[in-house]
Amino acid sequence: LSEFVLKAYKKRGDMNELLDHGLTSEELKRGMEHLDIAREQDDLVEGLHVNLEVAQQELARLEEVAQQILASIDSAEVELEELESRMATMNSNLDLTLSVKQGQVEVEQAAVVTDFSEALVVETSCIESHNSAISTRGNDKIAVLHEIKDFRKGIHGLQWENQRLDLEEEDLLQ
């Protein structure tokens, strides 16, 4: 009898068929109550399982978003480091124009004794490399100015040609 009750309970089936196997109506009623409770718990478990699946999907989506955010943070940090290094380079590589005469001492001359403790001796190769870099920049700027001049010259030539053609047209129309 207990096997039949257990099978009916596990199947969540109808327990009315157990009346034939010697179950009293009170035991059947109590069994039905337990069966109803079991069915409610099954529905609750199924609902919680659905909620769990939804939560797991949301967790996976949030983890993916977190990975994207971490990747963007990493790329922003790399970009910031590059920018900071460029700024540091730009702060130390300033273009300054100095008027220095070759072979002369550029230390303030005192009336009695000149203090050379702050004086620097600069190698000619260093000066020549800086001068060549300055010349290169200057030549680049001059090349750009020549391009602008040639472009404007072409524009003025076209305007002059248009004026000449307009005047020829007026002459031919008269």
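This report walks through a predicted model of a protein chain, from its overall fold to a few side chains.

## Confidence in the model

Since this is a predicted model, a good place to start is how confident the predictor is. The average pLDDT over the protein chain is 82, and 74% of the residues reach a score of at least 70.

Confidence varies from element to element. Helix α3, spanning residues 124-173, has the highest mean pLDDT, at 93. Helix α1, covering residues 2-11, has the lowest, with a mean of 57. Keep that in mind as you look at helix α1 in the picture, where the mean score is 57.

## Overall layout

What will you meet as you follow the chain? The protein chain holds 3 helices and 0 strands, and its pattern along the sequence reads α-α-α. Helix α2 takes up residues 25-92.

Of the 174 residues in the protein chain, 5% are buried. The accessible surface adds up to about 16000 Å², and carbon and sulfur atoms account for 57% of that surface. Now consider contacts between residues at least 6 apart in sequence: 28% of these link residues that are at least 24 apart.

## A nonpolar patch

Which residues make a nonpolar patch on the surface? The members are I69, L70 and I73, and together they offer about 250 Å² of accessible area.

I69 is a handy residue to find, as I69 sits in helix α2. Its relative accessibility is 44%, so I69 counts as partly exposed, because that class runs between the 20% limit for buried residues and the 50% limit for exposed ones.

## A salt bridge in helix α2

How many salt bridges does a search of the whole structure find? The search finds 3. One of them joins the side chains of R61 and E58, with a nitrogen-to-oxygen distance of 2.6 Å.

Both residues belong to helix α2 and are 3 residues apart, which means that about one helical turn separates R61 from E58. Neither partner is hidden away in the buried class: R61 has a relative accessibility of 42% and is partly exposed, while E58 is partly exposed at 35%.

## A network in helix α3

Moving on to helix α3, we find E161 there. The side chain of E161 makes a polar contact with the side chain of R164, at 2.2 Å. E161 and R164 also form a salt bridge, their closest N and O atoms being 2.2 Å apart. The two residues are 3 apart in helix α3, about one turn of the helix. E161 has a relative accessible area of 28%, so E161 is partly exposed. R164 is also partly exposed, with a relative accessible area of 28%.

R164 has another partner in E168, and the closest N and O atoms of that salt bridge are 2.4 Å apart. E168 and R164 lie 4 residues apart in helix α3, again about one turn of the helix. At a relative accessible area of 37%, E168 is partly exposed. Through shared partners, the salt bridges tie E161, R164 and E168 into one network.

Conventions:
Residues numbered from 1 in each chain as written. Predicted model: local features only at pLDDT ≥ 70, side-chain atom pairs only at ≥ 80, totals over all residues. Heavy atoms only, no water. pLDDT = per-residue confidence, 0-100. Patch = residues over 30% accessible without salt bridge, like charges linked within 9 Å, V, L, I, M, F, W, Y side chains within 5 Å. Areas by Shrake-Rupley, 256 points an atom, 1.4 Å probe, with all protein chains shown as cover. Salt bridge = Lys/Arg side-chain N within 4 Å of Asp/Glu carboxyl O. Buried < 20%, exposed > 50% of the residue type's maximum accessible area, 1.4 Å probe, protein only. Polar contact = N/O pair within 3.5 Å; in protein donor to acceptor, adjacent residues only side chain to side chain. Contact = heavy atoms within 4.5 Å.
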